[in-house]
Structure formats: structure tokens, C-alpha cells
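Reader: I'd like a close look at one part of this model, starting from a single backbone oddity and working outwards. Could you walk me through what sits around it and then how the rest of the chain compares in kind?

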Amino acid sequence: MKKLLKILAVAVTGILFLIIIAVAYVSAALPNVGPPEEIVVEVSPERIARGEYLGNHVMLCVDCHSVRDFSLFSGPIVPGTMTAGGELFSESEGFPGKFISPNITPFNLQDWTDGEIFRAITTGVRKNGSPIFPVMPYLEYGKTDPEDIKDIIAWLRSLEPVEATHEPSKANFPFNLIMRTMPQKANLAKKPDPSDQVAYGGYLVTAAACAECHTKFENGNFTGERLAGGREFEMPGAKLSTPNLTPHESGIGNWTKEMFVSRFKMYGENYIPEKVNPGEFQTIMPWVMYAGMKEEDLEAIYTYLMSLQPVENYIEKFKPNG
């Protein structure tokens, strides 16, 4: 009996030692995506204009790096907070910790090099080498054209500095370790010619990170068919499930291109968001932001989505609690 206890003690000690080694390695050696590139982005009017378009209406930097008012439909941006950060992603919404979006105006980025910003957007690694929580879809951004990322950087450099600071984000254990394994080297690709509507639409879907929300996600992993919907989000007094975007009748199979484009454009400049009470239909879809996307880009996205394999997935989009 004593011999068996000794063997168990040695085994447990060995396992604990291996765990300590593994934790130490993950904490010290990861993430490992390489050093930032030594690049200097020209802050030209052309780059700023393209970056502003991408940041406000396609890649939606403003979606997370501003505070959204979810007392109104679709959570429009609170005036005065755009790009100044401060949006909270907490445990009450199902996140593994407390994450606060940082200020991305020159006030906060003035000490960052262009290469450090480029690495953060495309790999999820901060200036200090720590990982970014993947609510920012850097795995998708890492598949875009480097020229588009440089346009974003030029736009960020052109913003008016906003003096706003926020407390650091903090992930719960063990996600604080898991998060260090998530960043990876970018797999950048050239933007397709817009004349190839399927390829260009697919590129825009990646840049807009549509699959991040419109794919079922459970226990830290995507478990459903890409873009077939079903990811759940906790809303005040209810649960939201994202819709199916594949060309099945349970998705957008019965939609025309005109219907698809007009669905976005109805939230344009003249739209006034309605008041939403807890338990009433609400969405995280930033319609007002996407409404500014060019019609030809929305048409390309539609063409790409209609080229996908149809997936049957009927979604109950909104379930009030109780």
C-alpha cells in the first residue's frame, strides 16, 4: 500500500511539474508571431479616405472602439466616443473576463510604430507582446490585403486625438493562458478585382468578419457551418441568435439582390434608431455603420453569399427570457 502511495505521489508530482513547465512556456514564449515589420505608412488623402471607409463601414473598427448605446435599436455609437474606446465586453454577456476596447486615436497610439499597429490588427499581438482578446477578429483581418491595413493605419494617424484612458482588460483563468495560444502569423492576400464579384464579395465578407457572428460558436470554438448562423449573444432580457446567410430558404435563399442591398440602406443617414426596452427585439448588428457601405460592395457580398453551398438551418432569432 505504501509503495502504491509513493508511486501515486511521484506521478502527481511529475504531472504538476509538467503543468508548471507548460504554464511557464505559454506565459513566457507565447504569443510568437514574430517582430513587427519596420514600415512607414504614407498618410496621404487617398489612404485616409480608403481607411476611413473601411474603418467605418466594412472592417468596422468603430464598432468596438466606441461606446454603443443599446437602449436604442442596433446600438448606435454614443456621441463623443467614436474611436476613443471604452466599450465593455463582460461576463454578463458571456465573455471569459472583463475586456474594454482601447482608444485608437493618436492620443493612445502615438508611441506605436506603424509596424506595431499592423501586427496588432493582423495577428492580435499588442505593442508589448501580449495577446488581444479575439472579439477583434484579427484572424480574419490577417487574411486581407496589406494595402487595406495600411489604409486603416493612415486613417488612424489622421484622427483627432481624444484624451480618454481605460482600465486594462483582464481575462479569467484559464482563458488568460488559452488566449496566448490564439494569435498567429498573418496570411495576407491581394484584394481581388471587383469585376470578379464572387471573389471580391468573399474578400469583403472576410474583411467585415461576417463569419465571426454568423457561425455557431460554443465553448470557445466554431461548431457550425460557416455563415449558416446560430451564434448566440446575451441581450438585456433575451437571447439573440444570428441568422443564416447561406442561400437556403432558411437563410437568404429567397432574397433578391435588391432586397439585400435595401436591407442595409434603410438604416442610412435619415434613419433614427428606435428606443428598445429589455426583452424587446434587439440586435448587435451595427446596421447604421454597414449602411454606409457602397452599393457595389453590398452587391458583391450578396453575389458571394449566393454562391455558397446552401445550409438548412432554421433560426429562432430572438428569445425573451422567461
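Author: Let's start with Ser74, which lies in the loop between α3 (61-64) and β1 (88-89). Keep in mind that this is a predicted model. Phi of Ser74 is near 75 degrees, a positive value in a residue that isn't glycine. That's worth a second look because most residues other than glycine have a negative phi. Is Ser74 buried or exposed? Its relative accessibility is 3%, and the cut-off for buried is under 20%, so Ser74 counts as buried.

Now for the sequence surroundings. Phe73 belongs to a cluster joined by ring pairs, together with Trp255, Phe260, Phe264, Tyr267, Tyr271, Phe281, Trp287, Tyr290, Tyr302 and Phe318. Pro76, meanwhile, is one of the residues lining the second largest pocket. The rest of that lining is His57, Tyr267, Gly268, Glu269, Tyr271, Pro273, Val288, Ala291 and Gly292. Tyr267 and Tyr271 turn up in the pocket lining and in the ring cluster as well. The pocket has a volume of about 160 Å³. What classes of residue make up the lining? Six are nonpolar, three polar and one charged.

Back to the cluster, and to aromatic rings in general: searching the whole structure turns up 15 aromatic pairs. As a reference case, take Phe99 and Phe133: their ring centres are 3.8 Å apart and the planes meet at 15 degrees, so this pair is stacked. The pair ties together distant parts of the chain, with Phe99 in strand β2 (residues 97-100) and Phe133 in the loop between α5 (114-123) and α6 (138-141), 34 residues apart. Phe99 and Phe133 are both buried. Inside the cluster, Phe260 and Tyr302 make another kind of pair: with centres 5.6 Å apart and planes at 50 degrees, they count as tilted, because that angle is neither under 30 degrees nor over 60. This pair links distant parts of the chain too, since Phe260 sits in helix α11 (residues 257-265) and Tyr302 in helix α13 (residues 295-306), 42 residues apart. Phe260 is buried at a relative accessible area of 5%, and Tyr302 is buried as well, at 10%.

A couple of charges join the aromatics. Arg263 has its charged end over the ring of Trp287, 4.3 Å from the ring centre, and Trp287 is one of the cluster members. The charged end of Lys294 sits over the ring of Tyr53, 4.8 Å from its centre.

For the comparison you asked about, Leu227 has a backbone like that of Ser74 in one respect: phi of Leu227 is near 70 degrees, again a positive value in a residue other than glycine. Leu227 lies in the loop between β5 (221-222) and β6 (232-235). With a relative accessibility of 0%, Leu227 counts as buried. Gly124, just after α5, takes a positive phi of about 85 degrees. There's a peptide-bond oddity too: the bond from Phe173 to Pro174 is cis, with omega near 5 degrees. Pro174 is found in the loop between β3 (170-171) and α8. As for the background expectation, most peptide bonds are trans.

Since Gly124 brings us to α5, let's stay there. Why call α5 largely enclosed by the rest of the structure? Because 10 of the 10 residues of α5 are buried. Among them are Asp114, Glu116 and Arg119, along with Ile117, Phe118 and Ile121. The cover over these buried residues includes α4 (106-109), α6 and α7 (146-158).

Two more residues round off this neighbourhood. Glu140 lies in helix α6 and is buried, with a relative accessible area of 8%. Beyond its neighbours within four places in sequence, Glu140 is in contact with Thr206, Ala209 and Glu212. Ala186, in the loop between α8 (175-178) and α9 (197-207), is partly exposed, with a relative accessible area of 33%. Setting aside neighbours within four places in sequence, Ala186 is in contact with Thr122, Thr123 and Gly142. The C-alpha atoms of Ala186 and Gly142 are separated by 4.4 Å, although these residues are 44 apart along the chain. Thr122 and Thr123 take us back to α5, where they are buried.

Technical notes. Residues are numbered from 1 along each chain as its sequence is written. This is a predicted model: local features need pLDDT of at least 70, side-chain atom pairs count only at pLDDT 80 or more; totals for chains, interfaces and linings use all residues. Side-chain values use heavy atoms; hydrogens and water are left out. Rings of Phe, Tyr and Trp (its six-membered ring) pair if their centres lie within 6.5 Å; planes under 30 degrees apart count as stacked, over 60 as edge-to-face and the rest as tilted. Helices (H or I, at least four residues) and strands (E, at least two) are DSSP runs, numbered from the N terminus. Buried means under 20% relative accessible area, exposed over 50%, partly exposed in between (1.4 Å probe, protein chains only). A charge sits over a ring if NZ of Lys or CZ of Arg is within 6 Å of the ring centre and within 35 degrees of the ring normal. Contact means heavy atoms within 4.5 Å. On a 1 Å grid over the protein atoms alone, a cavity is a set of points where a 1.4 Å probe fits but cannot get out, and a pocket is an open set with protein on both sides within 12 Å along at least five of seven lines; lining residues have an atom within 4 Å of a point. Grid points are joined across faces, edges and corners, and a volume is the space filled by probe spheres set on the points. Ala, Val, Leu, Ile, Met, Phe, Trp, Tyr, Cys and Pro count as nonpolar, Asp, Glu, Lys and Arg as charged, and the others, Gly among them, as polar.
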